[in-house]
Amino acid sequence: MRVLVTGGCGFIGSNFIIHMLATHQDMTIVNLDKLTYAGNLGNLAGVRREHGGTRYVFARGDIANAELVAHLITVHKVDAVVNFAAETHVDRSIADASPFIQTNIVGAQALLETARTMGVPRFVHVSTDEVYGTLGPEGAFSEETPLAPNSPYSASKAAADLLVRACHETYGYDTVITRCSNNYGPYQFPEKLIPLMIGRAVNDEPLPVYGDGKNVRDWIHVLDHCRGVELALLKGRAGEVYNFGGAAEKPNIEVVKTILAALGKPESLIRFVTDRPGHDRRYAMDFSKARRELGFAPSYDFTRGMAETLAWYLENAAWVEDVKSGNYARFMAAWYGERV
Ligand code: NAD
Ligand code: TYD
């Protein structure tokens, strides 16, 4: 099978490519990535050494570039597209939504249309639980939950989901949408909660917890998400949506305290700061459809996953410094300002 993976130099895309090339000896992957601040070629240095030019090809470019996408599809005889490429940080979308509209909506639509018109047999679109909005203390999102996004990020992801749905309904194109909860694990950019807090705790810097810290996220190890996308690609039914979750709901403050305890750092580093505007209170996933139809089940429990993730970040301090070299400092200073 020959798969065009987009956004393969980001957090989940890198883990997906490493996993798929190791698991499927007959698979070739073409990785199309624009290399924004969140993309890092170094994540795939091992893959390039082992499979470069044979089972792995990298192309730098934009998913909105139909000519380039068409060229890659033709030259590499692509059997499926898996679209991870996106702008992904909620806080950045609040600061400036325009790149989110451009990549997550305009880019996704261009990629979808090129894949469809070029006759690529399957299109997997990777989306998020955030399109469903927010939950009260009870219940979980199912695939039937109406979309009610609350941030520019989640609104842009929901727009793409609707375009993918419409493409299936209108043209009968073979699309599958996956929606997953919050991922953690190696190679996550240190603007997201877990790697941000690890990095700051290690350096004895204050940890900015939004609001009262009681917002709940369902944490899934990135490899479990990758296995879910793999199952959706290989076994998902055309036109369907599949939810994935980690069955590990945690209030943010508990996650932060777990990190501090594991690092032997004091809780006095915690700062409760002004809440994120439009901050979703709780996410939880009903992934019984994926369990039933695809055989999906998360394999990591949170304690093990966090221990491995902490160890990875401690061993890869150079990676963290490397990825922070882009516009990281500028964004962090503008976003957190005097709050911490
Ligand atoms: P990330 O921000 O770490 O990586 C995104 C990648 O996409 C980067 O390599 C970037 O260079 C690339 N990219 C951005 N714009 C592009 C464009 N126009 N053309 C080509 N490449 C482009 O993101 P991530 O956390 O790995 O998320 C991957 C996907 O999974 C996203 O679609 C996201 O919405 C979805 N998702 C993420 C999570 C999570 O917890 N991180 C949860 C559910 C779903
Ligand atoms: P994040 O990792 O940005 O993921 P998402 O917003 O997509 O869920 O944030 C996870 C949770 O952590 C979310 O409730 C916001 C909170 N958070 C903080 O409290 N402080 C921070 O500095 C960040 C980045 C997030």
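In the predicted model, ligand 1 is surrounded by 28 residues, of which Ile12, Asp33, Thr88, Tyr153 and Lys157 are the closest. Oxygen atoms of ligand 1 take part in several short polar pairs, involving backbone as well as side-chain atoms: a backbone N or O atom of Gly10 is found 2.9 Å from an oxygen atom of the ligand, a polar side-chain atom of Asp33 is placed 2.6 Å from an oxygen atom of ligand 1, and the corresponding distance for a polar side-chain atom of Tyr153 is 2.7 Å.

Ligand 2 has 20 residues around it, and those that come nearest are Glu130, Arg217, Arg276, His279 and Tyr336. For three of these residues a polar side-chain pair with the ligand can be described. An N or O atom in the side chain of Arg276 lies 2.5 Å from an oxygen atom of ligand 2, while the side chain of His279 places an N or O atom 2.7 Å from an oxygen atom of the ligand, and that of Arg217 does so at 2.8 Å.

Residues listed around ligand 1 recur in the packing of helices. Ile12, one of the residues closest to ligand 1, belongs to the contact that helix H1 makes with helix H8. Helix H1, spanning residues 11-23, packs against helix H8, spanning residues 222-235, at an angle of about 65°, and the two axes are 9 Å apart. The crossing in which H1 passes H8 is right-handed. On the side of H1, the contact comprises Phe11, Ile12, Asn15, Phe16, His19, Met20 and Thr23, and these meet Val222, Leu223, His225, Cys226, Arg227, Val229, Glu230 and Leu233 of H8. Divided by class, the residues of this contact are 9 nonpolar, 4 polar and 2 charged.

Tyr153 and Lys157, also among the residues closest to ligand 1, are part of the contact between helices H5 and H6, to which both contribute from H6. The axes of H5 (residues 98-117) and H6 (residues 152-171) come within 8 Å and cross at roughly 20°, and H5 is therefore roughly parallel to H6. Their crossing is right-handed. From H5, the contact involves Phe100, Asn104, Ile105, Ala108, Gln109, Leu112, Glu113 and Arg116, and from H6 it involves Tyr153, Ser156, Lys157, Ala159, Ala160, Leu163, Val164, Cys167 and Tyr171. The classes represented in the contact of H5 with H6 are 11 nonpolar, 3 polar and 3 charged residues.

A further helix pair is formed by H9 (residues 252-263) and H11 (residues 302-315), the axes of which come within 11 Å and cross at roughly 60°; the two helices are therefore oblique to each other. H9 passes H11 in a crossing that is right-handed. Val255, Ile259, Ala262 and Leu263 of H9 make the contact with Phe302, Met306, Leu310 and Leu314 of H11. In terms of class, the contact of H9 with H11 consists of 8 nonpolar residues, with no polar and no charged residues.

Technical notes:
Residues are numbered from 1 along each chain as its sequence is written. Chains are lettered from A and ligands numbered from 1 in the order in which they are written. This is a predicted model: local features need pLDDT of at least 70, side-chain atom pairs count only at pLDDT 80 or more; totals for chains, interfaces and linings use all residues. Side-chain values use heavy atoms; hydrogens and water are left out. Axes are lines fitted to C-alpha atoms, for helices over the stretch in contact, and angles run from 0 to 180 degrees between N-to-C directions. Helices (H or I, at least four residues) and strands (E, at least two) are DSSP runs, numbered from the N terminus. Angles under 35 degrees count as roughly parallel, over 145 as roughly antiparallel, 65 to 115 as roughly perpendicular and the rest as oblique. A crossing is left-handed if the near helix is turned anticlockwise from the far one by less than a right angle, and right-handed if clockwise. Contact means heavy atoms within 4.5 Å. Ala, Val, Leu, Ile, Met, Phe, Trp, Tyr, Cys and Pro count as nonpolar, Asp, Glu, Lys and Arg as charged, and the others, Gly among them, as polar. A residue is near a molecule or strand if one of its heavy atoms lies within 4 Å of it. A polar contact is a pair of N or O atoms within 3.5 Å; within protein, one must be able to donate a hydrogen and the other to accept it, and residues adjacent in sequence count only if both atoms are side-chain atoms.
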